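Visitor: I am new to this structure and should like to understand the terms used to describe it. May I put some questions to you?

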Amino acid sequence: MSEQVRTQNEELNLIGQDYESRYGFHDPVEYFHKGAKGINHEVVEMISKMKKEPRWMTERRHEALDIFFEKPMPRWGNTKLLNEIDFDNIYYYMKPIEDQKDNWDDVPEYIKKTFDRLGIPEAEKKFLGGVSAQYESEVVYHSLQKDLEDMGVIFLDMDSGLREYEDIVKQYFGTIIPSNDNKFAALNSAVWSGGTFIYIPPGLDVKAPLQAYFRINAENMGQFERTLIIVDKGSRVHYIEGCTAPVYSTNSLHTAVVEMIALEDSYIRYTTIQNWSRNIYNLVTKRANVYKNATVEWVDGNLGSRLTMKYPCIQLLGEGAKGEILSVAFAGIDQHQDAGAKVIHFASNTSSRITSKSISKDNGRASYRGLVKVHKNAKNCKVSVECDALLIGEDARSDTYPTMEIDNDQVKIEHEARVSKVAEEQLFYLTSRGLSEDEARLLIVNGFMEPFTKELPMEYAVELNRLIELEMEGSIG
Amino acid sequence: MTERKPLFEFKNVHVKVDETEVVNGVSLKIYPGETHAIMGPNGSGKSSLANALMGNPSYTITKGEVYLDGENMLEMEPDKRSLAGLFLAFQYPLPIPGVTVANFLRSAVKARRAKDDDMSDFRKTLKAEMDGLSIDHPFAARYLNDGFSGGEKKRIEILQLAMLKPKMALLDETDSGLDIDALKIVAQGINRFHSDKNGILLITHYQRMLNYVKPDFVHVMMRGKFVKEGGPGLAMELEEKGYEWVEQETAQKVEV
């Protein structure tokens with residue numbers, strides 16, 4: 001692969017290294033605690049005990065586990081791949097070290113090295129307001145800028161959140177995504193560990209993003225982080241999550257639940273750059289409640305994994321609330337990205353915009369699955385849905401499953417869906433200027449992703465372009 | 001005296017599109033510093049010839065030879081032809097959404113330089129060339145040909161010509177879709193590029209471009225063949241009498 005396209009971003013230097021060496025390594029670890037494989041009430045009891053949780057949480061976990069056992073596997077989406085998940089062959093809880101650290105120097109060498117290789121401490125120094133790093137089931141490192149802490153910003157791992165702010169957690173936990181929402185939300189509610197708890201007090205503009213990084217290291221690991229973000233009136237925050245895992249031949253499971261509450265006039269942007277290895281099942285439930293004149297934006301980048309099923313949801317509950325979901329998915333060899341978006345307009349004068357961009361390459365498959373619902377009493381709403389799919393190669397596949405349920409006629413709707421191929425004529429145009437065919441194809445793909453990439457902080461845009469370049473290598477076009 | 005070598009030469013070129021032969025045996029030699037024009041009515045095979053010479057995979061050269069500076073173009077992919085110094089200004093440049101004019105040009109310029117070459121002069125050169133073509137600087141940040149007017153696209157093609165400085169420029173209907181002011185600006189751009197080292201092959205339907213970019217030779221193409229050749233006066237004659245006149249003339253020749 002060549003030089004020129006890197007000019008798209010001068011910082012794109014380290015080309016040609018694959019996932020295996022950049023992210024796919026794993027550490028030989030002595031775990032502080034490593035339970036047995038499989039899931040039952042004893043495992044749930046053990047997790048809750050180790051965390052010294054209040055009884056109500058323990059009970060909730062048990063209830064959730066019963067719901068998980070009762071609910072059948074989804075009968076939609078990629079049922080073939082879903083049914084290949086062997087729930088008995090997964091570790092549900094692994095604790096790498098005894099206590100969380102707030103200083104990188106105190107983090108054990110092998111974990112520090114991992115996060116060093118992933119560039120986390122460096123990013124923290126450069127531009128982040130706070131960092132959380134989760135390794136297997138637990139957050140091993142955590143920090144928040146002093147001034148943010150002084151202003152009353154709470155940024156903790158979920159376990160500490162529950163310990164230190166039990167009242168808030170009890171008030172909101174599971175109210176947006178109850179345990180019986182779906183089978184995987186139930187599983188998360190039963191065995192959740194780690195994740196992020198954020199509360200921003202009223203009237204605060206948190207300028208530097210807060211980031212959490214999730215790393216799976218062990219084979220057959222299940223990571224079940226739980227995130228709750230509450231942004232009070234008039235405040236603003238940008239939260240970023242990144243994820244990677246080693247390459248193994250057997251499967252691991254990542255099943256997160258993310259609940260967000262944007263109170264009046266507030267603004268939340270939640271950015272995800274997930275870059276899972278190809279053996280990860282990524283089945284995540286994300287939902288936000290948006291109150292009067294508040295805005296929530298999900299910026300969701302899905303790379304890697306074997307199967308991703310993820311449909312960030314926005315519930316517009318107050319007048320003037322706005323929601324935006326901008327997602328990209330890249331499906332390469334043997335991958336299925338079943339991603340999408342859900343917006344429900346409960347209140348009048350609310351607006352939403354969904355932009356979904358997917359790239360399928362080789363025999364990869366990208367599906368857009370979306371729901372927009374406008375309730376009867378929600379008048380003068382605006383809805384815009386745009387789905388754009390790019391196919392590379394003859395075997396690539398893209399499907400779109402858009403659903404609209406509009407229960408009143410005072411609504412303005414725009415819907416566009418496009419499927420395109422990297423056109424021969426486009427390639428000829430670019431190659432006739434001296435770019436090789438690979439470079440030309442990459443330029444077209446990066447251009448296709450640009451509406452997404454430009455929304456990312458610069459460091460992440462660079463990283464994403466690099467990831468796409470890796471995915472594009474050896475493309476058969 | 002040493003014999004002058006042609007800069008660009010094609011011999012007996014035949015081109016097929018979807019099993020149909022659209023160019024049946026054309027030959028031409030262009031020497032350094034020369035400007036040639038191919039004129040002809042719609043569907044005469046002019047654009048097909050230009051695309052085939054550049055290596056467009058939809059146009060197959062079934063027979064013939066093409067050389068640039070002694071190098072066999074037919075053995076090269078389009079990118080290699082470009083790096084060897086061949087350039088085609090497209091009749092219908094394609095939009096590349098998400099790729100800015102500046103990034104695209106940077107990639108194309110960099111492809112011509114050594115790996116570790118300093119690119120710090122790039123912006124300055126780009127701005128100067130944009131000024132020359134009366135293109136506003138913010139245009140560099142727009143997506144290539146995405147939502148451009150016909151005239152804007154043609155200017156950007158000539159901007160590429162100016163930035164890439166090929167040895168041999170094939171300009172396919174660069175005058176179409178331009179109003180008279182834009183035509184002058186584009187023509188000036190072409191003339192600035194032109195030197196005694198490089199060559200230009202203008203492909204056009206109309207004579208008006210040739211008022212501003214003076215050809216040394218004019219070739220009339222009809223039904224896939226060059227049917228008449230002459231000096232700059234031929235273009236004027238064509239403008240006056242129309243292509244039917246050539247048609248009648250060639251028809252008579254056949255009868256003779």
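Guide: The questions and answers below concern a predicted model.

Visitor: What makes chain A as compact as a globular protein of its length?

Guide: Chain A has 13 helices and 24 strands. Its radius of gyration is 22 Å, and the globule rule gives 23 Å for 477 residues; the two values are close, so chain A is as compact as a globular protein of that length. Along its principal axes, the C-alpha trace spans about 65 × 60 × 45 Å.

Visitor: Why is helix 11 of chain A described as largely enclosed by the rest of the structure?

Guide: A residue is called buried when its relative accessible area is under 20%. In helix 11, which covers residues 424-431 of chain A, 6 of the 8 residues are buried, and the helix is therefore largely enclosed by the rest of the structure. Among these buried residues are A:Phe428 and A:Tyr429. In chain A as a whole, buried residues make up 66% of the 477 residues.

Visitor: How do you know that domain 1 and domain 2 of chain A are in contact?

Guide: Domain 1 of chain A comprises 1-30 + 425-477, and domain 2 comprises 31-310. The contact between them takes 21 residues from domain 1 and 33 residues from domain 2. The criterion for contact is heavy atoms within 4.5 Å. The C-alpha centres of the two domains lie 28 Å apart.

Visitor: What share of the contacts in chain A with a separation of 6 or more joins residues 24 or more positions apart?

Guide: Such residues account for 84% of those contacts.

Notes
Residues are numbered from 1 along each chain as its sequence is written. Chains are lettered from A and ligands numbered from 1 in the order in which they are written. This is a predicted model: local features need pLDDT of at least 70, side-chain atom pairs count only at pLDDT 80 or more; totals for chains, interfaces and linings use all residues. Side-chain values use heavy atoms; hydrogens and water are left out. Helices (H or I, at least four residues) and strands (E, at least two) are DSSP runs, numbered from the N terminus. The radius of gyration is taken over C-alpha atoms; the globule rule is 2.2 Å times the number of residues to the power 0.38. Buried means under 20% relative accessible area, exposed over 50%, partly exposed in between (1.4 Å probe, protein chains only). Domain bounds come from an automatic or database domain assignment.
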